[in-house]
Amino acid sequence: MVWAPARLTVLAGPSGVGKGAVAALLAERHPKVYLSVSATTRPPRPGEVEGENYFFVTRPVFEAAARAGELLEWAEYNGNLYGTPRPAVEDALGAGRPALLEIDLAGARQVRQTMPGALQVFLMPPTWAELERRLIGRGTEGPAERLRRLATAEREVQARGEFDFVLTNDDLGETVGRLAVIMGLN
Ligand code: ADP
Ligand code: 5GP
């Protein structure tokens, strides 16, 4: 059998583990990788740019897109809706670009059903204390939302066995290097 590089990769893991940082450095090192830009009903954080970090939409707009089949997958995470716009990912794959979806556990499970050929990668923090430090250090959530995210993180981490690969995001550069290898990038 000829081994083919992964075309669609799912990157999941607890909030604050570094999914965004890993995805950004991967795309910087490998510009052919398409990073999917999700739609969300979550309000923008200071500094987040429409169309770059997310497409920020209202709940009715999001729900209409989901009903129209325009989302490859979608899920509710801590009270907000998040979903992957289908056409951009299909265009990238059609153009021969590897695509990366940075999504939550529920979304990863949907992709496992609908696109079983996708590579599924779970990012783990080196320690629980380090995950808390990164979430606090990022400074984008208040204490209540942070606690909620850590509770969700406990459930997500328990599901890591469902994934093809589990990478511990200790050193960022090394993590990106290992992800590139398993995605078959060069
Ligand atoms: P996620 O997208 O998983 O919620 P982020 O990419 O926003 O997480 O990362 C959370 C914080 O941790 C950010 O401040 C980021 O710079 C930092 N971070 C990410 N990866 C590492 C790493 N390997 N070592 C130290 N800090 C990291
Ligand atoms: P945040 O609010 O920190 O940007 O994202 C919260 C969670 O939503 C993270 O686990 C992130 O991976 C996930 N997420 C972001 N975009 C999507 C998406 O399009 N679909 C799904 N299912 N989850 C997403």
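A polar contact here is a pair of N or O atoms within 3.5 Å. With that in hand, let us walk through the two ligands of this predicted model.

**Ligand 2**

E73 offers a polar side-chain atom that lies 2.7 Å from a nitrogen atom of ligand 2. Once bound, ligand 2 is 96% covered by the protein, out of the 510 Å² of accessible area that it has on its own. Around ligand 2 there are 16 residues, and S38, R42, Y54, E73 and Y82 come nearest. Sorted by class, this shell holds seven charged, five nonpolar and four polar residues. Strand 5 (71-77) and strand 6 (80-85) each give at least two residues to the shell. As for its location, ligand 2 sits in the largest pocket.

**Ligand 1**

Ligand 1 also sits in the largest pocket. Helix 1 (19-29) and helix 5 (128-138) are the elements that give two or more residues to its shell, and helix 1 has the largest share, with three residues. In total, 15 residues surround ligand 1, the closest being G16, K19, A21, R138 and D170. The shell has six charged, five polar and four nonpolar residues.

**Polar contacts side by side**

| Residue atom | Ligand atom | Distance |
|---|---|---|
| S38, polar side-chain atom | ligand 2, oxygen | 2.7 Å |
| R42, side-chain N or O | ligand 2, oxygen | 2.6 Å |
| K19, polar backbone atom | ligand 1, oxygen | 2.8 Å |
| N169, side-chain N or O | ligand 1, nitrogen | 3.0 Å |
| D170, polar backbone atom | ligand 1, nitrogen | 2.8 Å |

Taken alone, ligand 1 exposes 560 Å², and the protein buries 72% of that.

Conventions:
Residues are numbered from 1 along each chain as its sequence is written. Chains are lettered from A and ligands numbered from 1 in the order in which they are written. This is a predicted model: local features need pLDDT of at least 70, side-chain atom pairs count only at pLDDT 80 or more; totals for chains, interfaces and linings use all residues. Side-chain values use heavy atoms; hydrogens and water are left out. A residue is near a molecule or strand if one of its heavy atoms lies within 4 Å of it. A polar contact is a pair of N or O atoms within 3.5 Å; within protein, one must be able to donate a hydrogen and the other to accept it, and residues adjacent in sequence count only if both atoms are side-chain atoms. Accessible areas come from the Shrake-Rupley method with a 1.4 Å probe; for residues, only the protein chains shown count as cover. On a 1 Å grid over the protein atoms alone, a cavity is a set of points where a 1.4 Å probe fits but cannot get out, and a pocket is an open set with protein on both sides within 12 Å along at least five of seven lines; lining residues have an atom within 4 Å of a point. A molecule sits in a cavity or pocket if more than half of its atoms lie within 2 Å of its grid points. Helices (H or I, at least four residues) and strands (E, at least two) are DSSP runs, numbered from the N terminus. Ala, Val, Leu, Ile, Met, Phe, Trp, Tyr, Cys and Pro count as nonpolar, Asp, Glu, Lys and Arg as charged, and the others, Gly among them, as polar.
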